[in-house]
Amino acid sequence: MSLIWKIFEEWEKIELLVDLARNRRSGTPRAYADKLGWSLATFYRKLDILRRGGIPIKYDSEGGFYYLERPVRIEHRITIHYEDTDEKRDARVSLLEAEN
């Protein structure tokens with residue numbers, strides 16, 4: 001599996017993590033980690049990284065779910081720059097083209 005593909009898979013999990021919190025459908029920490037396919041330790045580590053990066057994810061212990069303290073949108077872009085030419089490619093487009 002290529003490095004770029006792994007990055008996109010990881011990014012999809014991060015987007016799911018934020019989406020589940022946005023819609024208050026995360027469940028408990030264990031359920032949240034399971035939905036993302038992560039161990040509980042990995043879940044807590046990535047959650048800490050996101051919080052330090054400014055994603056306001058909080059836990060409602062009475063309701064048993066995570067939520068976003070304020071609305072947030074995350075964006076990403078990966079561009080491949082070929083050093084031997086002036087060519088640039090959007091990695092998402094390249095990956096989608098490769099699948100077809």
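Biologist: In helix H3, by about how much of the helix are Asp-48 and Arg-52 separated?

Modeller: In this predicted model, the side chains of Asp-48 and Arg-52 meet in a salt bridge, at 3.0 Å from N to O. Both residues belong to helix H3, which spans residues 40-52. Because they are four residues apart there, their separation is about one helical turn.

Biologist: Is Arg-52 buried or exposed?

Modeller: Its partner Asp-48 has a relative accessible area of 37% and is partly exposed. For Arg-52 the relative accessibility is 62%. The cut-off for the exposed class is over 50%, so Arg-52 counts as exposed.

Biologist: Which residues are joined into one network by salt bridges that share partners?

Modeller: Asp-19 forms a salt bridge with Arg-22, with the closest N and O atoms 3.6 Å apart. Asp-19 also forms a salt bridge with Arg-25, where the closest N and O atoms are 3.3 Å apart. Asp-19 is partly exposed at 25% relative accessible area, as is Arg-25 at 44%. The shared partners join into one network Asp-19, Arg-22 and Arg-25.

Biologist: How is H1 oriented to H2: roughly parallel, roughly perpendicular, roughly antiparallel or oblique?

Modeller: Helix H1 (residues 3-22) packs against helix H2 (residues 29-36) with the axes 10 Å apart and at an angle of about 140°. Angles over 145 degrees count as roughly antiparallel, and 65 to 115 as roughly perpendicular. The angle therefore makes H1, relative to H2, oblique.

Biologist: Which residues in H2 are met by residues of H1?

Modeller: The contact of H1 with H2 comprises seven nonpolar, no polar and two charged residues. From H1 come Lys-13, Leu-16, Leu-17, Val-18, Leu-20 and Ala-21. In H2 they meet Tyr-32, Lys-35 and Leu-36.

How values were computed: Residues numbered from 1 in each chain as written. Predicted model: local features only at pLDDT ≥ 70, side-chain atom pairs only at ≥ 80, totals over all residues. Heavy atoms only, no water. Axes fitted to C-alpha atoms, helices over the stretch in contact; angles between N-to-C directions. Helix = DSSP H or I, 4+ residues; strand = E, 2+ residues; numbered from the N terminus. Parallel < 35°, antiparallel > 145°, perpendicular 65-115°, else oblique. Contact = heavy atoms within 4.5 Å. Nonpolar A, V, L, I, M, F, W, Y, C, P; charged D, E, K, R; others polar. Salt bridge = Lys/Arg side-chain N within 4 Å of Asp/Glu carboxyl O. Buried < 20%, exposed > 50% of the residue type's maximum accessible area, 1.4 Å probe, protein only.
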